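Let's take a friendly look at the charged side chains of this protein and at how they pair up. Please have the sequence and the model at hand.

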Amino acid sequence: MTHDEPSRPQRDETARATSDAEAEAAPPTDDAPASGRPTDDALASGDAEPADDGPGEAVTDGAAPRRRRVPALVVTALAAVLVLVALTLPNEVDLLAPAAFLRIPVEGLVAVALLLVLPARPRRVLATLLGALLGLVLVLTIVDLGFSTVLDRPFDLIADWAFLAAGAEFLAESYGRAAQVGAVVAAVAAVVAVPVLVTLSVRRLAGVAARHRVASTRAATALAAAWVVCAVLGAQVVPGLPVAADTVATGVYDRAGQVRSGLHDQERLRTQLAGDPFQDAPGDQLLTGLRGKDVLVTFVESYGRVAVEDPELAPEVDAVLDDGTRQLRAAGYGSRSAFLTSSTTGGGSWLAHATLMSGIRADNQLRYTNLVRSDRLTLNGAFRRAGWRTSLVMPALTRAWPEADFFAPDRVYGAEDLGYRGPTFSFSSPPDQFTLEAFQRAERAPGHAPVMAEIPLLSSHIPWSPVPKLVDWDDLGDGSVFTGTNRAPRADEGTRRAYRKSIVYSLRTLISYVQRYGDENLVLVFLGDHQPARSITGEGADKDVPITIVAKDPAVLDRISGWGWQDGLNPAPDAPVWPMESFRDRFLRTFGPQSRTHS
C-alpha cells in the first residue's frame, strides 16, 4: 500500500459534496421543478413525464420506472389520437372513413410552433385555451355528423337549437321516456367530457413537445413542408378531403358566415312578406274555381322521390300508384302529378308544411319561428277568407301548439280529439286509416259546409315500424280493432323494407279513402313533406317529393292543364319540378278569377 492510497475516499467524498452543492444552487429550469423530479401536478397535466430514477442496486428498482413509463406512453398516444381526430374529423357523414384521418392539419402545426417558443407557464395557458376551443369544435362537428345523417346538412348554430328539443321529444314518443332521459344525459355528459378531454390532451402533448424540443421542431418542420407540397399538388386520400387539411379553420369561417346569414335573415324575410300579392285580396276574389269543394291537403310523411325511383323501393310503390290510377279512373276520378322541391330533408316536417302553405321557403327553425309570427296569408287562411271551414288534423299533437293560429284553422284536432283507443304505431300516432276516418266523421258528415283541411299522415314516420293491414272502414270504431296487431319489427326486416311498406300502406289508405268517401266535390292534394333520412336515400339525393291532385270534377283538372303535370298518381322522372314555396301562388292564381289556366 502506498502513502497516498488512504486519502482517495476522502477526495471522492469532497468532490461529491461540491457537486451536490452546485446542483442545489442552480436555478430550476422552466420544464422541471427544483428537485429534479416532475411534480404530481405536472404529471397530471402532461407537462412532464415520470422521471427515470436510475438503475439502482436491484433489478426491481429499474422495473418500476418502466412500469410507470408504459401507461404514460399509452396516455400520450391516446391524447395524440384524440387531438388528431378533433383536427381532422369531417362534418359530413359521406366523408367518414379511416383514411380521412391520414391528413396533415395546418392548425396543429401552427399550434406546435406557438407552444414551442413559449416558456412553461404561458405555454400551459395557451394549451388550455387551444384545447378548450378545439374541444368545442369537436362537439359541433359531432353534432354536424348527426344532422348530416338525418337532415343532410350541418347544424345551424343560430337556427337549429329547436331541433334538439324536437329530437328529444321524438325519442320519448317513439321509444319511451327512459330512452329520452338516457339520451339527454348521455348528450350532456358528452358535451362536458369532450372539451375537458381534448383540453387535457393538448396540455399533455404541449408538455411532451417542450421536453423534446429539438425532435418536435424537426417533425413540425418536416410536416409543414409536406403540407405545402400536398397543398400545391392538391393531394387527396379520400375524395373531397385534401391531405393538406385546414378543417378547423374552414369550419370556424363557415360558422361565422352562417351566424352572419342567420342574423340578417329576418330582414330578408320582411322583404319577402312585403311583396305578397294576395295579402289584401278580398274573399270573393279567392279560390273561385273551387267553390263548393272539400279540399284536403294531405302530407304523407317521408314520401320522397326515392320512393318512386329507387330500384329497390320503386317497383312496389309504383305498382300501388299505377293500380290506384286505374281504379280511380274507373270510378270517374282524374289525377295529375309532378314534383316539388322541399325546404327540408330527413326531418323537420313542420318546415315543409309552412313552406307549402305560406309560399315562403322555411328551411330552418329561426325562419320558421319568424314566419309563423307574421300575418302572412297562408293557403289555409285564403280558404277561410273565401268562406271555407278550415281544420288542422294533427294525430301526434299532445301539447299546446300556439303556431296553429298562423294557419288560420277553425278547429285543430289533436291526438285526444280523434278518439283513438287502439295501440299506437309509428311516432305514437294512430294508423293513417283511422286518422282519415276520424276527420271524415268530424268534418264531412252529411250536410256539412265546404271544408279545407290540412292532414299529416304519420304511419310512414321514422322509425319505420310495422303498419297494420287496411280494414273495412265500417269496422274502425275507436281503433280497438287494431289491438293485438304485432307492432314489433321483424328480425329479418331491414330499414329500407320497413320504409317501403309504410309508404305503400299510406298510399293505399289514401286511394281507399277516395274510393269510399269521394264524390263530385272532393279535391285531394297529397304530397310528401320531405325525403326520408340518408339511410334510405343514400348519398347525393335531392329534396324532391311527389305531389298529386285528385278530383272527380273535370273542371278542376282543366284549371291546371297549363301546369304540365303528368296524368296519373305516379310522376315520371321527367315530370315538372317546382320549388315547394311556389305552390301557394300558382294554386291561388289558377283557382282564382284571373285565368282558367294561369300557371
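Which residue forms a salt bridge with Asp 94? The partner is Arg 534, and the closest N and O atoms of the two are 2.4 Å apart in this predicted model. Asp 94 sits in the loop between α3 (59–88) and β1 (104–105), while Arg 534 belongs to helix α17 (residues 534–537), so this pair ties together parts that are 440 residues apart in sequence. Asp 94 is partly exposed, with 29% relative accessibility, whereas Arg 534 is buried at a relative accessible area of 13%.

The structure holds 25 salt bridges. Here are three of them, including the one just described:

| Salt bridge | N to O distance | Separation in sequence |
|---|---|---|
| Asp 94 and Arg 534 | 2.4 Å | 440 residues |
| Arg 376 and Asp 276 | 3.7 Å | 100 residues |
| Arg 444 and Asp 294 | 3.0 Å | 150 residues |

Now to the second row. Arg 376 and Asp 276 meet in a salt bridge and link distant parts of the chain: Arg 376 lies in the loop between α13 (365–372) and α14 (379–385), and Asp 276 in the loop between α9 (247–274) and β5 (294–300). Both residues, Arg 376 and Asp 276, are buried. They also take part in a network of salt bridges that links them with Arg 584 and Asp 585.

In the third row, Arg 444 forms a salt bridge with Asp 294. Arg 444 is found in the loop between α15 (432–443) and β9 (451–457), and Asp 294 in strand β5. Are Arg 444 and Asp 294 buried or exposed? Both are buried.

Notes:
Residues numbered from 1 in each chain as written. Predicted model: local features only at pLDDT ≥ 70, side-chain atom pairs only at ≥ 80, totals over all residues. Heavy atoms only, no water. Salt bridge = Lys/Arg side-chain N within 4 Å of Asp/Glu carboxyl O. Helix = DSSP H or I, 4+ residues; strand = E, 2+ residues; numbered from the N terminus. Buried < 20%, exposed > 50% of the residue type's maximum accessible area, 1.4 Å probe, protein only.
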